[in-house]
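Take a look at this protein chain. The report below walks through its rings, its cores and its pocket.

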Amino acid sequence: MENVIDTLKARGLFDNWSGPGAYDLLKNPAVVYCGFDPSADSLQAGNFVAIMTLCHYQRAGHKVLALVGGATGLIGDPSGKSAERVLQSEETIAHNAECIKENLSRFLDFGPGPNQAQLVNNLDWHGKFSFISYLRDVGRYFRMGTMLGKESVKQRLNSPNGMSFTEFCYQTMQGYDFLHLYDTYGCRIEIGGSDQWGNITAGTDLLHYQRNVDGYGVTIPLITDSAGKKFGKSEGNAMFLDSRKTSCYQFYQFFLRSEDASVIRYLKAFTFLPLETIAELEECVRTAPEKREAQKVLAEDVVRRVHGEDGLRKAQQATQALFGGSLSGMSAEDLLPIFKDAPSQDLARADIMGQPIIRVAQLSGLFKSLGEARRMADGGGLYLNNERVGTADILTEDRLLDGRLLLLGAGKKNRRLVRVIH
């Protein structure tokens, strides 16, 4: 079987390693881990790159450990941050950790099987330390000169906000994670984003000092959007894997709107499509970019794996609804993200039920007068929930969407969303 490093390089998922010995180690089944920060109650598209990378390792026959930072999440990783994070409560971090476990279970194979994935939480071992025992048993193996020389530390020390002692110690905790996972599972490879280099090498150094064994870090390039921003909460462009935070439609549209310059890179990173298939799609981008075939394949593949066939169906129906398709069976939660940019109006149920729809359209502000609404209906241009209505049509309960919404349209493009209130 092809070495997983070769696979990752071919798909743009390899950035660097702490030593070429990792390649030889991965010629046979090995144990690999990747950490996930529970700073939110859902992972997002930026984390999905790391998840996909873990999946490639598992597919290649390696055992993967997905570490949820129940302890490190209480501190907050300073890497790539210009200021210290706002610390979250133990209850919040514990809740987020459980949500992340659910996210990961959609993609990794947790068995049973010879190389089943395993979830671990670093609170299980860090929580047993006292401050004194941590300093004696762990802290004495870290050298100040090395710690201060980390690029992520130097950037923060030279910034106006500086760096707290709490943040400074973060790398020792992640370093100890690697040692603990080596002792417990024989793990000798840690993977993470390229911004994690300092934390990862803290672990490889600790393995060397305490166990006289070579551990390796293998980093993943940060996947960025067309503006060069990485996907993430701090950048304001996070696409969460939880549909309650980012709807299936929004997730689908995010990838469907990928620019031609980025879509092939995304196909390699976010899908398991064969490289030959991706090469064919790249040719489509070059010869017929207006068809956006690559973007459609990308959006369908990613949403199908993140939200399942039902999620993909909802996303596609929502996309069709935006362009006049049927709204039948769609909930308010499905509809609101689609028409979030449309003008909206709250109308009392008592004021509109049983009224001519042209009157409701005028009350909504879609038309300035009842006469204008009537003329639009007479011309066949008045729509309720993407269905054409006439001057004699009356608003009844069965016409409400999810019992509380109406979508009015003057022609195909001028829309107004009505929230029916009591």
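What follows is a short tour of a predicted model.

## Aromatic pairs

A pair of aromatic rings is described by two things: the distance of the centres and the angle of the planes. Searching the whole structure turns up 10 aromatic pairs. One of them joins F14 and W17. Their ring centres lie 5.4 Å apart, and their planes meet at 80°. Planes over 60 degrees apart count as edge-to-face, so the F14 and W17 pair is edge-to-face. W17 has a relative accessibility of 21%. Buried means under 20%, and exposed means over 50%. W17 therefore counts as partly exposed.

F48 and F107 form an aromatic pair too. Here the centres are 5.2 Å apart, with 55° between the planes. This pair is tilted. Are F48 and F107 buried or exposed? Both are buried. The pair links distant parts of the chain, with the two positions 59 residues apart in numbering. F48 sits in helix α3, residues 45–59. F107 sits in the loop between α4 (90–105) and β4 (118–121).

## A cluster of rings

Which residues share a cluster with F48 and F107? F251, F254, F255, Y266 and F270 do. Together they form one aromatic cluster.

## Charges over rings

Two lysines have a place in this picture. The charged end of K9 sits over the ring of F14, 5.0 Å from the ring centre. The charged end of K245 sits over the ring of F240, at 4.7 Å from the centre.

## The nonpolar cores

The largest nonpolar core holds 64 residues. Which of them touch the most other members? They are F36, I51, Y57, I191, F255, L267 and F270. Helix α3 gives the most to this core, with nine residues.

Now zoom in on F255. Leaving out residues up to four places away in sequence, F255 touches A45, F270, Q295, L298, A299 and V302. F255 and F270 are also members of the aromatic cluster.

A second core is separate and has 26 residues. Among them are V31, L67, F168 and L207.

## The largest pocket

How much space lies in the largest pocket? The volume is about 880 Å³. The lining is made by 43 residues. Nearest the pocket centre lie G35, D37, N47, D195 and Q196.

Four elements each give two or more residues to this lining. They are β2 (31–36), α3, α10 (170–185) and β5 (189–193). Helix α3 thus appears in the pocket lining, and α3 also gives the most to the largest core.

Note on methods
Residues numbered from 1 in each chain as written. Predicted model: local features only at pLDDT ≥ 70, side-chain atom pairs only at ≥ 80, totals over all residues. Heavy atoms only, no water. Phe/Tyr/Trp six-rings, centres within 6.5 Å; stacked < 30°, edge-to-face > 60°. Buried < 20%, exposed > 50% of the residue type's maximum accessible area, 1.4 Å probe, protein only. Lys NZ or Arg CZ within 6 Å of the ring centre and 35° of its normal. Core = buried A, V, L, I, M, F, W, Y, C linked by side-chain atoms within 4.5 Å. Contact = heavy atoms within 4.5 Å. 1 Å grid on protein atoms, 1.4 Å probe; cavity = no way out; pocket = protein on both sides within 12 Å on 5 of 7 lines; lining within 4 Å. Points joined across faces, edges and corners; volume = space filled by probe spheres on them.
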